[in-house]
Amino acid sequence: MNPLFGIDLGGTKIEGVVLKSKNDPSVIARLRLPTESAGGYQHVIEQVAKVVAALEKETGITAPYIGIGTPGTHDPITKVHKNSNTTCLNGQPFKQDLAKRLGVKVRLANDANCFAVAEANIGAVKDHFPKGAGLVFGVIMGTGVGGGIVVKGKVWNGRQGIAGEWGHNFLDTSGGLCYCGKTGCVERVFSGPSLERYYTSLTGNNLKLKDIFARLDTDEAAQKTKDRLIHFFGKGMGAIINILDPDAIVIGGGVGNIDLLYTEGVEEVKKNIFNARLDTVFLKPKLGDSAGVFGAALL
């Protein structure tokens, strides 16, 4: 048995898991603790250490190394953490400090990469390509928009640790100013909150995305919101396919639950690629909320 330890570090909770092995990813142990990020940087490290210690105690196994999914990413050049909404991590040598505290080798990837590697190796992509896919793009479309690249089963982080960050590519000026400082980012056009804001701008009503899409047959503004999503999804995904040409794209996050993406959305993508046909497979995720922590273990 070659057990895999994974930690999913979220803004509100830290989840840990021990899987039996990559070939048999059955769960040996799983638990959660609050992140308590208001306690500061060192406190978050101690909370992670508590999760690891509890997993080791429950299983009787000492972690040989640990994969950790994080908000934000480790910069391989400066060796500090960046782009995290758990802001106490930013600018800190988080990977090195965590490895020192835990006494084992640590491998970090952001949450979108963990989602992608999990679905590629033991989830929806693995089901569709039993022998494995060459290149997979995992998409998170929810409160924010992110992505992760998996090549032959392994995360591709990139030279600066930002591979897959398509949510902060320019898409359309109508998205307005993004928190990253740029204007018109993908995330500002069709993340869940961005689509909700668009609907509100047309009607003055504040509705959740699922309620907007439930009104498509009777609400012209809901139809326009759907049209906006499909149109820009086609443009955004088309650019990804032209650059990466992945075997599969798996879509997670709340916006990814909209069935129309896999029909009308895919048809719109076809209009935006540099090819006469679209062979990339679009898949719904299989692992649900487990993808992040399973993907961390698989790092």
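**A mixed sheet and its packed helices**

Strand E8 (residues 135-141) runs parallel to strand E11 (residues 248-252), the two being paired over five bridges, where strands and helices are DSSP runs numbered from the N terminus (E, at least two residues, and H or I, at least four, respectively) and pairing requires that DSSP find at least two bridges between two strands. Within this pair, Gly138 has Val250 of E11 as its bridge partner. The model is predicted, with local features requiring pLDDT of at least 70 and side-chain atom pairs counting only at pLDDT 80 or more, while totals for chains, interfaces and linings use all residues. Residues are numbered from 1 along each chain as its sequence is written, and side-chain values use heavy atoms, leaving out hydrogens and water.

Both strands belong to an open sheet of five strands with mixed pairing, ordered E10-E9-E8-E11-E12. At its edges lie strand E10 (154-155) and strand E12 (281-283), each of which pairs on one side only.

Helix H3 (residues 111-122) packs on this sheet and touches E8, strand E9 (145-151), E10 and E11, its direction making about 45 degrees with that of E9; contact here means heavy atoms within 4.5 Å, and angles, from 0 to 180 degrees, are taken between N-to-C directions, with axes fitted as lines to C-alpha atoms, for helices over the stretch in contact. Helix H8 (residues 220-244) also packs on the sheet, touching E8, E9, E11 and E12, and its direction makes about 150 degrees with that of E8.

H3 packs in addition with helix H10 (residues 291-298), at an angle of about 80 degrees and with the axes 7 Å apart. H3 is therefore roughly perpendicular to H10, a term that covers angles of 65 to 115 degrees. Among the residues making the contact are Phe115 and Ile122 of H3 and Phe294 and Leu298 of H10.

Terms used:
Angles under 35 degrees count as roughly parallel, over 145 as roughly antiparallel, 65 to 115 as roughly perpendicular and the rest as oblique.
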